[in-house]
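This note sets out, in numbered points, what a new reader may wish to examine in the structure. Please read the points alongside the sequence and the model.

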Amino acid sequence: MRKNLILTSLLAVLSIITATAQYADYGKMSPMLRSLVLDNRTAMRRTPASGDRQVCAFVRIETQNADSVLSEYGCRSLAHFGQIHIASIPLRSLAPLSLCQSVSRIEARRGNSVLMDTTALVLGATRVHLGDGLPQAFTGKGVVVGVEDIGFDLTHPNFYDTTVTDYRIKRFWDFLSTDTVGSTLFVGADYTTEEALKTYAHSRDAFIQSHGTHTLGSAAGSGYDSPYRGMAPESDICLVSNAVTDDLQFIDSADVYKFTYATDALGFKYIFDYADAVGKPCVVSFSEGSPMDFRGDDVLYYEVLDSITGPGHILVASAGNAGQQVTHVRKPTGMETARVAVISSGKTATFSVKGSSNNYQLAFKLYGEDGQMVDYPVTVADIYQRPDTLLTDTLQAGTKPYYITATCYPSCFNPAENVMEIVLKTDTLLGLQTYAGFDIIGQEAEIEVYRGSGYIVPADATLGDNAFSVHSPSSAPSVICVGATGYRTGITNYLGEYREYDQGTNGQRSAYSSVGPTYDGRIKPDVMAPGTNVISSYSSYYIEAAPEASDVRWDVEHFDFQGRTYAWNSNSGTSMSTPIVAGIIALWLQAKPDLSPEDVMGVISRTSRHDPAYTEYPNNEYGYGEIDAYAGLLDVLNFSGIEDLSTRQPYGVRFSFSGGQLHLDFDQDEKSSIVLKVYGVSGQQILKRSIPVNGRHATIDLSTLRPGVYAVQTVTSDPTTTGSTLIRK
């Protein structure tokens, strides 16, 4: 009898253990990982080998023996930052790992897209686009400019020095490379010598993408025999070609889960680690992103970004291009009903709903082609009563099916607020051929709707706006978030065709540029830069593969180099403004290598140019204003305290320094002498002299000056030749 009792007890314990192993702690996981756990159970029943697939994720482990915990579940730590690890996790291990008491959070997310405005791709010719007027003393020399992007042509002459003898790309990690034999990297392979880089020649996706070739040129291109020089033309270059949604054709379905935000973070670390290894400061440009969320999918991501940025480590990212869309709808308290249409050019739309109370209802109105309508009410209480607080249903509007998924959770920014997250799908175009939408019903609650994907359109247009449209990771506190301004409104392409694209002039915010605040109420973007109609380099491999592509029609020039055809191409978007800011920060890092993100924000706040239409800065459209490379340099070098020193460079005169002689070359004949002043970094005026001008040229002997950086002020009767610049002796 006793033996039977023991056996029965053992069987009961075993059944509990077995049952427990079949479940996961979904509360610790981001939605992508919860879906993977559920999908993987089905997949493993069909083929057990599917459990060998890996996902790259952030894991917070609150114990000293974190490596042992990961090893116990068959996981591998790829990098760690305090308690947070970036880990490779077998899909079969996600559920049991979530049940480990020392694991408090597992997070992964995918879905980045490049942030260019695909409405039009155009050319600009303002001085800042051309890299003209950069201070003579600062070119990014001694600084690493990192770019994480897609579509790189490593052979473009823009990435040599101006003599095309010094190849400036020093490292390149391609996530999609198939040269993985012997690679120690989580995905793909890297190339670390000039010979290996030139032999590899391009990222694997360069035949269908050219985005990275363009952004790198804006940040650090030498300009090769053209006026289209980048901001930091003498910097060293370190690149990472990651993977976005458009790259899926290059990824085996079993490996898709390896490409997440966590993998992107490994890319940032790779660039910063290289800069540290060569003892140089670094700025990284990232022109990708996706909408924010209330789930907290980015909590660990942002903590890692806080860890890898700091003195000499600056990360710059695009605000996004959702500024022309309704991204936010607000039904105020006292209004009984507000109607919102849901539209998608595909088959899916996602959005989140947040209320001041839970006393409201969403009543879905979904129509079929035959005019039949289904009315489907949903409340927060309904969803919380469901297992895993997850509602899934198929709704039939006549012959047309709709698939709805809804979940509820406390907002990661304010746990007192509940958020309802909705995914609405159909088999055909959503909301374009027949109406699809919902009514917000509840007089006592203020209700806000936030766009994820697709479009939300309120029946009352006054209830909708473009707020909360800044993308992640630029929304992170430690990341410099960049919006776009416009100057030129049209171009003539290499075929002689004129194209017009008007997104504002004189530094106005381009309408597509996303605006803040962030979901937790912080002001973003931080700074603006020209992003509309920017000319930069384009991939020769893209031109070779798709000579009739629509964006090739926006090339402004084709030219040959070492037997290949290359291009200067126009493009628009916050993707284009971001590398301009990164390149300018590289100049500042050359002046002061230990600048931190907080220091950079201080310079931006003190020196950015303001749109006169706005009286309060920072604000959620412009941040602190449009970046000013030269005024920022004066601030970094402590020249900004000199009372009579201009913070504007004269654009009618060029400065050059050689053999102890300062040469001034004017655009037009000068008819009188000019006054020239020289200041040291202490702020002291070292020299003041009246100089006769011989036509368009003047020279002054500065051979007695000690080596260092000096500010030179010119004063003339012509405003185009009055101003200051920096020289280095």
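1. Arg339 is a useful place to begin: its bridge partner in strand S21 is Asp439. The two strands concerned, S14 (residues 337-343) and S21 (residues 436-441), run antiparallel and are joined by five bridges. The model is a predicted one, and the remarks below should be read accordingly.

2. In what order do the five strands of the open sheet lie? The order is S17-S16-S21-S14-S23, and the pairing is antiparallel. At the edges are strand S17 (373-378) and strand S23 (455-458), each of which pairs on one side only. From one strand to the next, the twist averages 25°.

3. An open sheet of seven strands is also present, ordered S18-S19-S20-S15-S22-S13-S24 and with antiparallel pairing. Its edges are formed by strand S18 (390-397) and strand S24 (464-465); each has a single partner strand, so one side of each lacks a neighbour in the sheet.

4. Within the seven-strand order, S22 and S13 are listed side by side. Strand S13 (residues 328-331) pairs with strand S22 (residues 447-453) over four bridges, in the antiparallel sense. As a point of reference for the viewer, Lys331 stands opposite Ile447 in S22.

5. Strand S1 (residues 54-61) deserves separate attention. Is strand S1 mostly covered or mostly uncovered? Strand S1 is mostly covered, since seven of its eight residues are buried. Seven bridges connect S1 to strand S3 (residues 84-90), and the two run antiparallel. Here Val59 stands opposite His85 in S3.

6. Strand S1 is also joined to strand S4 (residues 103-107), by four bridges and again in antiparallel fashion. In this pairing, Arg60 stands opposite Arg105 in S4.

7. Helix H4 (residues 91-98) is largely enclosed by the rest of the structure, because six of its eight residues are buried. Which residues of H4 are buried? They are Leu91, Ser93, Leu94, Ala95, Leu97 and Ser98. As a general matter, an α-helix has 3.6 residues a turn, so residues three or four places apart point the same way.

8. Thr532 lies in the loop between strand S30 (527-530) and strand S31 (534-538). Why does Thr532 count as buried? Its relative accessibility is 0%, and the cut-off for a buried residue is under 20%. The side chain of Thr532 makes a polar contact, at 2.7 Å, with the side chain of Tyr512.

9. Turning to the protein chain as a whole, there are 14 helices and 40 strands. Its radius of gyration is 28 Å, which agrees with the value near 27 Å that a compact globule of 729 residues would have. Taken along the principal axes, the C-alpha atoms fill a box of roughly 110 × 60 × 50 Å.

10. Of the 729 residues of the protein chain, 58% count as buried. The exposed area is about 28,900 Å², of which carbon and sulfur atoms supply 49%. What share of the contacts between residues at least 6 apart in sequence joins residues at least 24 apart? In the protein chain, that share is 75%.

Key. Residues are numbered from 1 along each chain as its sequence is written. This is a predicted model: local features need pLDDT of at least 70, side-chain atom pairs count only at pLDDT 80 or more; totals for chains, interfaces and linings use all residues. Side-chain values use heavy atoms; hydrogens and water are left out. Two strands pair if DSSP finds at least two bridges between them. Axes are lines fitted to C-alpha atoms, for helices over the stretch in contact, and angles run from 0 to 180 degrees between N-to-C directions. Buried means under 20% relative accessible area, exposed over 50%, partly exposed in between (1.4 Å probe, protein chains only). A polar contact is a pair of N or O atoms within 3.5 Å; within protein, one must be able to donate a hydrogen and the other to accept it, and residues adjacent in sequence count only if both atoms are side-chain atoms. The radius of gyration is taken over C-alpha atoms; the globule rule is 2.2 Å times the number of residues to the power 0.38. Contact means heavy atoms within 4.5 Å. Accessible areas come from the Shrake-Rupley method with a 1.4 Å probe; for residues, only the protein chains shown count as cover.
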